[in-house]
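Got your viewer open? Grab the mouse and come along for a short walk through this chain.

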Amino acid sequence: DADAVASALHGLLTAHGVLNGAITSRTALPLVGESAAVAAAKATDMVEAAAGGTLVIRDAGALCADRSGTAARALASALVEVDAATSAAVLVGDKEEWRLLAAAAPGLAALFPPRVVLTDLSAAEVASLCVTHARQRYGLTVAADAGRLAAAAAARLGAAGGVDGGPRNAA
């Protein structure tokens, strides 16, 4: 579910020191039916409220109801201003809604890739993040060799094309 995904993403990025803010949840409904200027102002307020943390945008499908695309474009413009180095965003909707949103505001597709790609991290670093997250977020006791085993598994996935951009199911 969206809350679990947002929480896991937020916890992982916080544990790695990328984020220092909270999870902020907003609905897309106030953007629908507004003029471009009003929708842009409301979208900017949403994004600014979550600076440094994770913004969860609920009811993304409502943006599809705005046939003019004004609401979707306003949100895309506001999200372009998000500092990806210190903030994260999760757009909640189903695949059909996503297809309609991407058609209404093509910039959204570029902002929300179908998967997270950590190109500058080694398999060992990704494994370390997972182990740290398991300890900090869930209070789990992790076996001493868990990081080594996870790194080996990540390396095997990378060799098979599943970690560094190869084909796999989009989350």
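Here is a tour, stop by stop, of what to select and what you will find there.

Before you click, know that this is a predicted model: local features need pLDDT of at least 70, side-chain atom pairs count only at pLDDT 80 or more, and totals for chains, interfaces and linings use all residues. Residues are numbered from 1 along each chain as its sequence is written, and side-chain values use heavy atoms, with hydrogens and water left out.

**Stop 1: the strands**

Select residues 54–58, which form strand β2. Helices (H or I, at least four residues) and strands (E, at least two) are DSSP runs, numbered from the N terminus. Is β2 mostly covered or mostly open? It is mostly covered, with 4 of its 5 residues buried; buried means under 20% relative accessible area, exposed over 50%, and partly exposed in between (1.4 Å probe, protein chains only).

Now add residues 23–27, strand β1, which pairs with β2 in the parallel sense over 5 bridges. Two strands pair if DSSP finds at least two bridges between them. Click Ser25, and look for its bridge partner in β2, Val56. To get from β1 to β2, the chain passes through helix α2 (residues 36–49) in a right-handed β-α-β crossover. Right-handed means that, with the strands pointing away from the viewer, the path from the first strand over the helix to the second runs clockwise.

Next, add residues 88–91, strand β3, which also pairs with β2 in the parallel sense, over 4 bridges. Val56 turns up again here, as its bridge partner in β3 is Val90.

**Stop 2: the core**

Select Leu31, Ile57, Leu63, Leu75, Leu79, Leu101 and Leu108: of the 23 residues in the largest nonpolar core, these touch the most other members. Such a core is a set of buried Ala, Val, Leu, Ile, Met, Phe, Trp, Tyr and Cys residues joined through side-chain atoms within 4.5 Å. Which helix supplies the largest share? That is α4, with 7 residues. Zoom in on Leu75: among the residues it contacts (heavy atoms within 4.5 Å) are Leu31, Ala43, Ile57, Leu63 and Leu91.

**Stop 3: helix α1**

Select residues 2–15, helix α1, and find Ser7 in it. Ser7 counts as buried because its relative accessible area is 14%, and its contacts include Ile23 and Arg137. Gly11 lies in α1 too, and is buried at 16% relative accessibility. Finish by picking the C-alpha atoms of Gly11 and Gln136: they are 125 residues apart along the chain, yet separated by 8.4 Å.

Conventions. Lists of a residue's contacts leave out its neighbours within four places in sequence.
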